[in-house]
Amino acid sequence: MNYQWNIFWADLNPIKGSEQAGIRPVLVISEEAVNQALPIVTIICLTSHKQGRKVYPIEVLLEPNDSHLPNSSIVMAHQIRSISKERLNDKCGFIQSEEVKEKIRQAVKLYLDLL
């Protein structure tokens with residue numbers, strides 16, 4: 001199974017503080033060779049896009065045609081974490097566009113001060 005750039009339902013509980021909680025969609029961003037070698041993947045949490053919500057520079061707005069999800073969502077680079085593959089459930093979407101992948105890479109680089 002390939003992981004990188006796929007969106008899965010993941011169970012992120014238990015959590016602490018302001019971490020994203022519950023069963024939610026997550027985007028796997030870690031490099032595929034590493035994903036195949038390790039029992040973990042690095043993910044970014046997604047949240048649904050509500051009308052009027054600001055999208056910050058460390059976030060990327062995904063329309064349904066970008067993510068293959070039914071609704072618009074936001075990739076939150078400030079909610080990046082590594083999780084066990086055991087937390088991943090069904091695949092629910094994917095990112096195909098190189099332009100969208102680059103926007104996500106740039107948001108992660110900005111958040112991690114790698115620019």
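Me: Is Lys 103 buried, partly exposed or exposed, and what is its relative accessible area?
Reply: In this predicted model, Lys 103 lies in helix 3. Partly exposed covers the range between under 20% and over 50% relative accessible area. Lys 103 falls in that range and is therefore partly exposed, with a relative accessible area of 44%.

Me: Which residue forms a salt bridge with Lys 103, and how far apart are the closest N and O atoms?
Reply: In general, side chains of opposite charge can pair when their charged atoms come close. Here the two residues concerned both lie in helix 3, four residues apart, which is about one turn of the helix. The partner of Lys 103 is Glu 99, and the closest N and O atoms are 3.9 Å apart.

Me: Is Glu 99 buried or exposed, and at what relative accessibility?
Reply: Glu 99 is the salt-bridge partner of Lys 103, and Lys 103 itself is partly exposed. A residue counts as exposed when its relative accessible area is over 50%. Glu 99 passes that cut-off and therefore counts as exposed, at a relative accessibility of 55%.

Me: Which side chain meets Arg 105 in a salt bridge?
Reply: The two residues of this pair are three residues apart in helix 3, so that about one helical turn separates them. Arg 105 counts as partly exposed at 31% relative accessibility, and its partner is likewise partly exposed, with a relative accessible area of 32%. The N to O distance in the salt bridge is 3.4 Å, and the side chain that meets Arg 105 is that of Glu 102.

Me: In the salt bridge of Arg 53 with Glu 59, which relative accessibility does Glu 59 have, and is Glu 59 buried or exposed?
Reply: The closest N and O atoms of Arg 53 and Glu 59 are 2.9 Å apart, and this salt bridge is one of four that the structure holds. Arg 53 is partly exposed, with a relative accessible area of 29%. Buried means under 20% relative accessible area, and Glu 59 therefore counts as buried, at 6%.

Me: Which residues of the largest nonpolar core touch the most other members?
Reply: Strand 3, strand 4, strand 5 and helix 3 each supply at least two residues of this core, and the largest share, four residues, comes from helix 3. Not counting residues up to four places away in sequence, Ile 104 touches Trp 5, Leu 27, Ile 29, Ile 44, Val 60, Val 75 and Ile 95. Of the 17 residues in the core, those that touch the most other members are Leu 27, Val 75, Ile 95 and Ile 104.

Me: Which residues form a nonpolar patch on the surface?
Reply: One member of the patch lies in the loop between helix 1 (32-37) and strand 3 (40-48). That residue, Leu 38, is partly exposed, with a relative accessible area of 39%. Together the members of the patch have about 220 Å² of accessible area, and they are Val 34, Leu 38 and Ile 40.

Me: What is the phi of His 68, a residue that is not a glycine?
Reply: The place of His 68 is in the loop between helix 2 (64-67) and strand 5, where the residue is partly exposed, with a relative accessible area of 37%. Asp 113, in the segment after helix 3, also has a positive phi although it is a residue other than glycine, with a value near 60°. For His 68 the phi is positive and about 65°.

Me: Which residues is Ser 48 in contact with, leaving aside neighbours within four places in sequence?
Reply: Ser 48 has its place in strand 3 and is partly exposed, with a relative accessible area of 36%. Its C-alpha atom is separated by 9.5 Å from that of Leu 61, which lies 13 residues apart from Ser 48 along the chain. With sequence neighbours within four places left aside, the contacts of Ser 48 are Ser 72 and Ser 73.

Me: What is the mean pLDDT of the protein chain?
Reply: In the protein chain, confidence is highest in helix 1, at 98, and lowest in strand 2 (residues 23-28), at a mean of 95. Of the residues of the chain, 95% reach 70 or more, and the mean pLDDT is 94.

Key
Residues numbered from 1 in each chain as written. Predicted model: local features only at pLDDT ≥ 70, side-chain atom pairs only at ≥ 80, totals over all residues. Heavy atoms only, no water. Patch = residues over 30% accessible without salt bridge, like charges linked within 9 Å, V, L, I, M, F, W, Y side chains within 5 Å. Areas by Shrake-Rupley, 256 points an atom, 1.4 Å probe, with all protein chains shown as cover. Buried < 20%, exposed > 50% of the residue type's maximum accessible area, 1.4 Å probe, protein only. Core = buried A, V, L, I, M, F, W, Y, C linked by side-chain atoms within 4.5 Å. Contact = heavy atoms within 4.5 Å. pLDDT = per-residue confidence, 0-100.
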